[in-house]
Amino acid sequence: MVRKQDQIRGCLLGAAAGDAMGYCVKELSPEEIQEKYGPQGLQGYDTYNGYAPISSHTQMAMFTANGLLFGATRGALRGVMAPYVNYLEAFYRDWADTQRSRKAQGRPFAWLSCLEELHSRRAPDNTVLYALEQPRAGTMDEPINRSRGPSGLTRCMPIGLFLNPRETGREEIALLGAESAALTQGDPLGFLPAAVLADLINRIVYDRPDSFRSALHKSISAVNRQFSMKYRQLSSLWELLYRAEELADKGTPPWEALAALSSSDAPGVLAGACYVCLKFPGDFDRGIVAAVNHGGDSAATGAVAGGLLGAMLGTEGIPEFYLEPLELRGILEELADDLFQGCPMSRDPNLFDDQWDQKYIQRTY
């Protein structure tokens with residue numbers, strides 16, 4: 001397995017591991033976490049029937065990957081395609097149908113919708129579900145609500161993994177991150193953190209930076225140039241991210257640091273995850289434990305921190321005890337490998353891949 005493929009796997013699996021770890025303490029206060037798991041808090045999965053269940057954060061990230069690959073396949077086979085954000089909206093609607101008890105009308109676009117395991121309600125954000133019930137989802141210019149929730153942030157990581165900056169400019173990658181989040185999160189501080197994360201993941205996987213810190217600074221600088229003239233709210237996001245860096249450098253304990261960063265909305269979740277990566281570079285285990293033990297959105301912070309650490313370390317840096325019981329591990333690995341490979345077919349009839357055809361054309365896999 002080449003390094004980039006391993007990093008893409010590491011990102012998706014790491015994000016799912018952090019999500020699953022935080023999912024079981026998502027609704028608990030720090031005091032309740034310590035009362036239930038001891039003074040050090042949760043130190044590993046709280047498994048259910050031997051599995052570590054994922055939440056809606058991982059489910060939506062999987063549908064993001066499926067949507068990107070579906071759009072790219074159409075482009076490869078037809079020579080033209082709609083903007084990626086159009087496919088993502090359709091695929092998020094497919095995901096929303098898996099969260100409802102009533103049967104969806106019409107055939108889904110996502111082959112993931114064929115999997116019974118994904119027809120499971122895992123604490124979806126009601127704001128997101130409501131947005132996806134409307135005839136038109138939101139855009140950056142025509143917001144659907146004023147939400148700063150982290151759902152748009154946690155699902156955007158496949159964008160940074162899939163789009164090669166040599167073929168798609170970094171500004172387009174950051175913009176797609178923001179657009180994908182704006183479908184359901186209307187406040188600029190609900191969708192701009194996704195632009196930062198998509199850019200940051202992309203730099204980690206495609207540029208091999210010397211450190212997480214250097215990649216983060218480059219992402220902040222690039223996104224600031226791209227969006228600051230229109231969105232003055234970015235200054236408060238930068239304050240949080242620099243505060244996260246300061247807390248990591250000072251050695252502030254995780255419980256205290258994550259409380260200070262208010263890790264419950266998109267800016268706070270991104271800042272909390274960056275604090276974890278700055279404080280525990282190269283240590284997935286300690287990083288994930290720190291990311292989920294706080295009173296904010298533990299699943300979201302765990303997912304973003306796990307995705308960032310996994311992208312930096314690859315699967316070799318993720319202890320097997322996080323991977324072995326992880327729900328849907330095989331499907332996550334398959335999606336990661338598809339993101340790495342891209343569509344193997346073209347308009348040349350001699351190039352045909354039966355499995356790819358079943359997944360991204362027939363949608364019957």
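## Helix 1: enclosure and length

Of the 21 residues of helix 1, 18 are buried, so this helix is largely enclosed by the rest of the structure. The model described here is a predicted one. Helix 1 covers residues 3-23. At 1.5 Å a residue it should span 30 Å, and its end C-alpha atoms are 29 Å apart, which agrees.

Two residues of helix 1 show what surrounds the helix. Cysteine 11 lies in helix 1. Its relative accessible area is 0%, so cysteine 11 is buried. Leaving aside neighbours within four places in sequence, cysteine 11 is in contact with Met157, Leu161, Ile201, Gly306, Gly307, Gly310 and Ala311. Proline 158 is 147 residues from cysteine 11 in sequence, yet their C-alpha atoms are 8.6 Å apart in space.

Alanine 20 also lies in helix 1. It counts as buried, because its relative accessibility is 6% and the cut-off for buried is under 20%. Outside its neighbours within four places in sequence, alanine 20 is in contact with Tyr45, Ala52, Pro53, Ile54 and Leu326. Alanine 20 and alanine 300 are 280 residues apart along the chain, with 9.7 Å between their C-alpha atoms.

## Overall fold

The secondary structure comes to 18 helices and zero strands. The protein has 365 residues, and a compact globule of that length would have a radius of gyration near 21 Å. The value for this protein is 19 Å, which agrees. Along the principal axes, the C-alpha atoms fill a box of roughly 60 × 50 × 40 Å.

Across the 365 residues, 60% count as buried. Take the contacts between residues at least 6 apart in sequence: 76% of them join residues at least 24 apart.

## Helix 1 against helix 9

Helix 9 covers residues 188-207. Helix 1 and helix 9 pack with their axes 9 Å apart, at an angle of about 150°. The two helices are therefore roughly antiparallel to each other; the cut-off for that label is an angle over 145 degrees.

Helix 1 contributes Lys4, Gln7, Ile8 and Cys11 to this contact, and helix 9 contributes Ile201, Ile204, Val205 and Tyr206. By class, the contact residues divide into six nonpolar, one polar and one charged. Cysteine 11 thus appears again here, facing helix 9 in the list of contact residues.

## Helix 8 against helix 10

Helix 8 spans residues 170-182 and helix 10 spans residues 212-227. Their axes come within 11 Å and cross at roughly 80°. That makes helix 8 roughly perpendicular to helix 10.

Glu171, Ala174 and Leu175 make the contact from helix 8, and Val223, Gln226 and Phe227 make it from helix 10. These residues divide into four nonpolar, one polar and one charged.

## Helix 4 and its packing

Helix 4 has 15 residues. From its first C-alpha to its last it reaches 22 Å, close to the 21 Å expected at 1.5 Å a residue. Its buried residues are Tyr84, Val85, Tyr87, Leu88, Phe91, Tyr92, Asp94, Trp95, Ala96 and Thr98.

What do the buried residues of helix 4 pack against? They pack against helix 3 (56-78), helix 5, helix 7 (157-162) and helix 8.

## Loops and positive phi

Alanine 123 sits in the loop between helix 4 (84-98) and helix 5 (126-133). Its phi is near 55°, a positive value in a residue other than glycine. With a relative accessible area of 33%, alanine 123 is partly exposed.

Arginine 363 lies in the segment after helix 18 (354-360). Phi of arginine 363 is near 55°, again positive in a residue other than glycine. Is arginine 363 buried or exposed? At 14% relative accessibility, arginine 363 counts as buried.

Asparagine 145 belongs to the loop between helix 5 and helix 6 (151-154). Leaving aside neighbours within four places in sequence, asparagine 145 is in contact with Thr127, Ala131, Thr184, Gln185, Gly186 and Asp187. Glycine 75 is 70 residues from asparagine 145 in sequence and 32 Å from it in space, C-alpha to C-alpha.

Note on methods. Residues are numbered from 1 along each chain as its sequence is written. This is a predicted model: local features need pLDDT of at least 70, side-chain atom pairs count only at pLDDT 80 or more; totals for chains, interfaces and linings use all residues. Side-chain values use heavy atoms; hydrogens and water are left out. Axes are lines fitted to C-alpha atoms, for helices over the stretch in contact, and angles run from 0 to 180 degrees between N-to-C directions. Helices (H or I, at least four residues) and strands (E, at least two) are DSSP runs, numbered from the N terminus. Angles under 35 degrees count as roughly parallel, over 145 as roughly antiparallel, 65 to 115 as roughly perpendicular and the rest as oblique. Contact means heavy atoms within 4.5 Å. Ala, Val, Leu, Ile, Met, Phe, Trp, Tyr, Cys and Pro count as nonpolar, Asp, Glu, Lys and Arg as charged, and the others, Gly among them, as polar. The expected span of a helix is 1.5 Å times one less than its number of residues. Buried means under 20% relative accessible area, exposed over 50%, partly exposed in between (1.4 Å probe, protein chains only). The radius of gyration is taken over C-alpha atoms; the globule rule is 2.2 Å times the number of residues to the power 0.38.
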